[in-house]
Amino acid sequence: MTRTHLAANFVIPAKMKAWVYREHGNAADVLGLDPELEVPEVQEGQVLVKVLAAALNQVDAMRVNGVFQLPGFSLPAVPGYDLAGVVVKAGRGVKELKVGDEVYGYMWHAKKDGTLAEYVAVEESYLALKPKKLSFEEAASLPVVIQTAYGGLEKAGLSPGKSLLVLGGAGGVGTLAIQLGKEVFGASRVAATSSTRKLDLLKSLGADLAIDYTKVNFEDLPEKFDVVYDAVGPSERAVKAVKPGGSVVTIVEHNKALPPPAFSFAATSDCSTLEKLKPFLESGKVKPMIDPKSPFPFSQAIEAFSYLQTGRATGKVVIHPIP
């Protein structure tokens, strides 16, 4: 177990720095740094985490601009789901985690206060102990994408000997879907799509076939696949690449009728998946993929959002250090 020794005189402050939006819109227009936001109180079953690194996902931008909202959401709010940090306080009913534990996870049900802050109050069930091999930046890059990749492949029925096609192989979820497909699910053949300059990356992650989507329509290839993992859309194209009896999982189309055999998938925060995959992360068989422009310092969160929204990131956009 990895534990950080907190100084004997460590005192949790009453106020903290956090990025806050008080209205919906483009992050560059509505996000502001609040230097005196109240540190959240821990409720039963929660721990207070000193955030050391956070990562951005497309859903973060969707929350800020109001496209995606959870029931009960209200403004003002702090964006961010992914985090890695150190437990500094445990609430009543917390059974496993202790002060000083190095943890990572994501706050999927955060209605108001997210991870772009110095401190967050998080349900114990959303967190797992950080693999010793990983830095805080690497750990923060993983929770949303690794659980989205694993859960989608599991639901799609990928198993040893089957073939897999990952659409959007160089993105945050795609880079993990390739690795998990090969190392965890035992796919006999993995293909993936990307732009020309990212083809070598796909091969380094374990793809047997790297498809340049700027030159080839993947659905026109004679080879078909048992499972198609669609991280880009539209599913109408993805279903043309699946074998009879196969399945197509999409993570980008949730509010529309999908052509069979496609189905949509969205991950929920579950520390058991992180625990299950920990041996693969500790051994290096599955590696985090952080965009070369990362990490962005906490003071440049707006720049990090702007870069995320270009759609050009390779792997994850990470924010570190957090004061």
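Start with the whole chain in view: for its 323 residues, a compact globule would have a radius of gyration near 20 Å, and the protein chain agrees because its own value is 20 Å. That radius is taken over C-alpha atoms, and the globule rule is 2.2 Å times the number of residues to the power 0.38. What you are turning is a predicted model, in which local features need pLDDT of at least 70 and side-chain atom pairs count only at pLDDT 80 or more, while totals for chains, interfaces and linings use all residues. Residues are numbered from 1 along each chain as its sequence is written, and side-chain values use heavy atoms, with hydrogens and water left out.

**The whole chain**

Show the C-alpha trace: along its principal axes it spans about 65 × 40 × 35 Å. Switch to cartoon view and you can look for nine helices and 14 strands. Here helices (H or I, at least four residues) and strands (E, at least two) are DSSP runs, numbered from the N terminus.

Next, turn on the surface. The protein chain exposes about 13,700 Å², and carbon and sulfur atoms supply 53% of that area. Such areas come from the Shrake-Rupley method with a 1.4 Å probe, and for residues only the protein chains shown count as cover. Buried residues make up 55% of the 323. Buried means under 20% relative accessible area, exposed means over 50%, and partly exposed is in between (1.4 Å probe, protein chains only).

How much of the contact count comes from residues 24 or more positions apart? Among contacts with a separation of 6 or more, they account for 68%. A contact means heavy atoms within 4.5 Å.

Now colour by charge. You should find 35 positive and 35 negative side chains, and the centres of the two sets lie 3 Å apart. Lys and Arg count as positive and Asp and Glu as negative, while His and the chain ends are not counted. Each charge is placed at NZ of Lys, CZ of Arg, CG of Asp or CD of Glu.

**Stop 1: aromatic pairs**

The structure holds four aromatic pairs. Rings of Phe, Tyr and Trp (its six-membered ring) pair if their centres lie within 6.5 Å; planes under 30 degrees apart count as stacked, over 60 as edge-to-face and the rest as tilted.

Select W19 and F298. Their ring centres are 6.3 Å apart and their planes stand at 65 degrees, so this pair is edge-to-face. W19 belongs to strand β1 (residues 15-21) and F298 to the loop between α8 (271-283) and α9 (301-308), so the pair ties together parts 279 residues apart in sequence. W19 is buried at 6% relative accessible area, and F298 is buried at 4%.

Then select Y21 and F73. The ring centres are 6.3 Å apart, but the planes are at 20 degrees, so this pair is stacked. Y21 is in strand β1 and F73 in the loop between α2 (58-64) and β4 (82-90), 52 residues apart. Y21 counts as buried at 0%, and F73 is buried at 15%.

**Stop 2: cis peptide bonds**

Most peptide bonds are trans. Stay in the loop between α2 and β4 and pick P76. A cis peptide bond joins L75 and P76, with omega about 0 degrees. Then move to P321, in the segment after β14. Another cis bond joins H320 and P321, with omega about -5 degrees.

**Stop 3: K316**

Select K316, in the loop between α9 and β14 (317-319). Is this lysine buried or exposed? At 4% relative accessibility, K316 counts as buried. Leaving aside neighbours within four places in sequence, its contacts include A55, D82, S141, M289 and D291. The C-alpha atoms of K316 and M289 are separated by 6.3 Å, although the two are 27 residues apart along the chain.

**Stop 4: V184**

V184 is in the loop between α5 (172-183) and β9 (189-194). V184 is partly exposed, at 26%. Beyond neighbours within four places in sequence, V184 is in contact with Y150, Q179, L277, F280 and V286. Draw a line from V184 to L277: these residues are 93 apart along the chain, and their C-alpha atoms are separated by 8.3 Å.

**Stop 5: G45**

Finish at G45, in the loop between β2 (31-38) and β3 (46-56). G45 is partly exposed, at 22%. Not counting residues up to four places away in sequence, G45 touches R92, V94, V122, E123 and E124. For a long line across the model, join G45 to V248: they are 37 Å apart, C-alpha to C-alpha, and 203 residues apart in sequence.
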